[in-house]
Amino acid sequence: MVSSLESAVGERRHLVTEIPGPNSRALHERRLAAVSSGLTVGFPVYIDRAEGAILVDVDGNRLLDMGSGIAVTSVGHAVPAVVEAVSNQVAHFTHTCFMVTPYEGYVEVCEELNSLTPGTHDKRTALFNSGAEAIENAVKVARLATGRSAVVVFEHAYHGRTNLTMALTAKNMPYKDRFGPFAPEVYRVPMSYPFRDGLSGAEAAARAISIIETDVGSRNVAALLIEPIQGEGGFVVPADGFLPALSRWTSDNGVVFIADEIQSGFGRTGQWFAVEHEGVVPDVVTTAKGLAGGMPLAGVTGRVELMNAVHEGGLGGTYGGNPVAAAAALATIATLRDRDLLARARALGEIMLASLHQLQRDVTIIGDVRGRGAMVALELVEPGSKTPHPRAAKAVVAYCQQQGVVALACGTDGNVIRLLPPLVITDEQLADGLGVLGAAVRSVQ
Ligand code: PLZ
C-alpha cells in the first residue's frame with residue numbers, strides 16, 4: 001500500500017493541466033454550494049494524495065508543498081512510519097475517551113513532551129485537539145495556579161480563533177472583526193521587531209515590561225504568552241536577548257511564562273523548540289501542528305506545581321489525546337529523531353537564507369529576510385522604503401500557485417511570504433521551489 005503510493009506520486013513538480021484544472025474547478029463549484037464562505041480559499045486545487053513534499057491534485061498535477069499545511073506535516077506526507085502507526089491504531093481502537101477508560105499512547109505522548117520540552121524540572125502534560133484549545137487551557141492553568149487574571153500578549157500575535165484566543169490574537173481582519181465581545185483581562189504590549197523598531201532585545205523588553213508595570217501591575221499578571229518566533233503575524237524573530245529578559249521578569253514577578261510553540265516547535269527551527277535558541281526555559285509550553293504529522297493533537301506541558309494545581313476534573317474534553325492522534329505523534333517524534341530532521345531543518349535554513357539573501361540583492365521589494373531553520377520569510381516593501389507591500393505578496397503567491405508551488409503569505413499587513421517546507425524535502429525539490437519563488441519575486445518587481 002505504502003510503496004504503491006510512493007511509486008505513484010514521484011518526486012517532481014509536474015503540471016498536466018492549467019491550474020486549477022477541470023476537476024478542481026468542478027469541486028470548487030460544489031464547495032461554493034456546500035461550504036460556508038467564511039473559510040478562506042487559499043489555493044483551490046483539490047488534493048487527491050500526497051507523499052513527502054509532493055501533493056497530487058484531482059487532475060493529476062504534482063505540486064510542490066512549501067507550506068506543510070501551515071507547519072504541520074514537517075515529517076512529510078504519507079511518511080511510512082506514521083501511516084503504519086495510524087493504521088495499526090485504527091484497527092485496534094479509535095476512541096474510548098481518556099477520561100473514561102485510558103490507554104498507553106496518551107501517557108507516552110505526555111512522557112515525550114515532558115522530556116523534549118526545555119528544562120529538567122518535573123513536568124506534567126495534558127492533551128487537547130487544536131492549538132487554540134491548548135492556549136485556552138494554558139491560560140486556565142496559569143490563572144488558577146496564580147490566582148491572578150491578567151494575560152499579557154504581544155503585537156502581531158496569533159493564538160487562535162476561539163473566543164479567548166481571538167482576544168489574545170492581535171489582528172482584527174479577518175480573525176476578529178464583528179465577532180466580539182471578546183474575553184476581558186488581555187493586555188497587549190509591543191513586540192521586538194528588529195526590522196521595524198531597530199531596538200536591541202534588552203531595549204524592546206524594557207519597553208514591554210515598563211508598559212506592563214504601568215498599565216497592568218505585575219501582581220495582577222497571571223501569564224505572559226508569546227510565540228518565540230511569531231507565525232501568522234509575519235515570522236517576526238525578536239532581537240537576541242528579548243525572550244531571556246522577559247523570562248527573567250516573569251520569574252522575578254511570579255508570572256507564568258507561556259511559550260506558544262504551536263507553529264515554531266517540533267523541530268521546525270532546527271531545535272525541538274524555538275526558545276532553545278536563546279536558552280529560555282518556559283513555565284508552560286503549548287504544542288500542536290508538527291507534533292502529530294497531520295492528525296489533530298495539541299499539548300500543554302508545564303511545571304508540575306502549575307499543572308497539578310488544577311482540581312480533579314478541571315481539565316479535559318471528549319477527544320483530547322485521541323488514540324489515533326497519539327499514535328501519529330509517537331511515530332512523528334520517532335521519525336524526527338531517527339532521520340535527524342532537526343539537523344535537516346538547520347541545513348534547509350542555510351540553503352533558503354542564502355538563496356533569499358541573494359535574491360534580495362537583485363530586487364528592490366525585499367525589505368527583510370529572516371527566520372531560523374526551516375521557518376524562513378521574506379518581508380516585501382515598496383521599493384526604497386519600509387512601507388508594507390501586500391499587493392506584491394499576493395502576486396508572488398499567485399505566481400507560485402500557477403507554477404504548482406504552494407507558498408503562503410502572512411503578516412499583520414499581509415506582506416510577508418513564509419517558507420515552511422516539509423523537513424524531508426529533497427535538495428532538488430527545494431532548489432526547484434526557490435527557483436519558482438525567485439522568478440515570482442522578479443516578475444512582480
Ligand atoms: N498559536 C502560534 O500558529 C495556528 C492558523 C490558520 P489551531 N496557526 C494557523 C488560520 O487561519 O486559522 C496557531 C498558531 C499559533 C495558535 C494557533 C492556533 O492553532 O490548531 O489552528 O487552533
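## Reading a predicted model, starting from one histidine

Guide: His 77 is found in the loop between α3 (68–71) and α4 (80–92), and since this is a predicted model, what we say about this residue is computed from predicted atoms.

Visitor: Is His 77 buried or exposed?

Guide: A residue counts as buried when its relative accessible area is under 20%. His 77 has 15% relative accessibility, and therefore counts as buried.

Visitor: With which side chain does His 77 make a polar contact?

Guide: A polar contact is read from a pair of N or O atoms within 3.5 Å. Here the partner of the His 77 side chain is the side chain of Asp 65, at 2.7 Å.

Visitor: How many of the residues in the whole protein, as a percentage, are buried?

Guide: Of the 445 residues in the protein, 53% are buried.

Visitor: How does the radius of gyration of the protein agree with that of a compact globule?

Guide: The idea is to set the value beside the one expected from the number of residues: a compact globule of 445 residues would have a radius of gyration near 22 Å, and because the protein has 21 Å, the two agree. The C-alpha trace spans about 60 × 60 × 45 Å along its principal axes.

Visitor: How many helices and strands does the protein have, and what is the order of the strands in the open sheet of four?

Guide: The protein has 15 helices and 15 strands. In the open sheet of four strands, the order is β1-β2-β3-β13, and the pairing is mixed. The strands at the edges are β1 (47–51) and β13 (405–406), and each has a single partner strand, so one side of each is left without a neighbour in the sheet. Between β2 (residues 54–57) and β3 (residues 62–65), which run antiparallel, there are three bridges, and the bridge partner of Val 56 in β3 is Arg 62.

Visitor: Which residues are closest to the ligand, and which side chains offer polar atoms to the ligand?

Guide: The ligand is surrounded by 14 residues, of which Gly 131, Ala 132, Arg 161, Asp 260 and Gln 263 are the closest. The shell divides into five nonpolar, four polar and five charged residues. An N or O atom in the side chain of Gln 263 lies 2.8 Å from an oxygen atom of the ligand, while for the side chain of Tyr 158 the distance from such an atom to a ligand oxygen is 3.2 Å. Lys 289 has a polar side-chain atom 3.2 Å from a nitrogen atom of the ligand. On its own the ligand has 520 Å² of accessible area, and the protein covers 81% of that area.

Terms used: Residues are numbered from 1 along each chain as its sequence is written. This is a predicted model: local features need pLDDT of at least 70, side-chain atom pairs count only at pLDDT 80 or more; totals for chains, interfaces and linings use all residues. Side-chain values use heavy atoms; hydrogens and water are left out. A residue is near a molecule or strand if one of its heavy atoms lies within 4 Å of it. A polar contact is a pair of N or O atoms within 3.5 Å; within protein, one must be able to donate a hydrogen and the other to accept it, and residues adjacent in sequence count only if both atoms are side-chain atoms. Accessible areas come from the Shrake-Rupley method with a 1.4 Å probe; for residues, only the protein chains shown count as cover. Ala, Val, Leu, Ile, Met, Phe, Trp, Tyr, Cys and Pro count as nonpolar, Asp, Glu, Lys and Arg as charged, and the others, Gly among them, as polar. Two strands pair if DSSP finds at least two bridges between them. Helices (H or I, at least four residues) and strands (E, at least two) are DSSP runs, numbered from the N terminus. The radius of gyration is taken over C-alpha atoms; the globule rule is 2.2 Å times the number of residues to the power 0.38. Buried means under 20% relative accessible area, exposed over 50%, partly exposed in between (1.4 Å probe, protein chains only).
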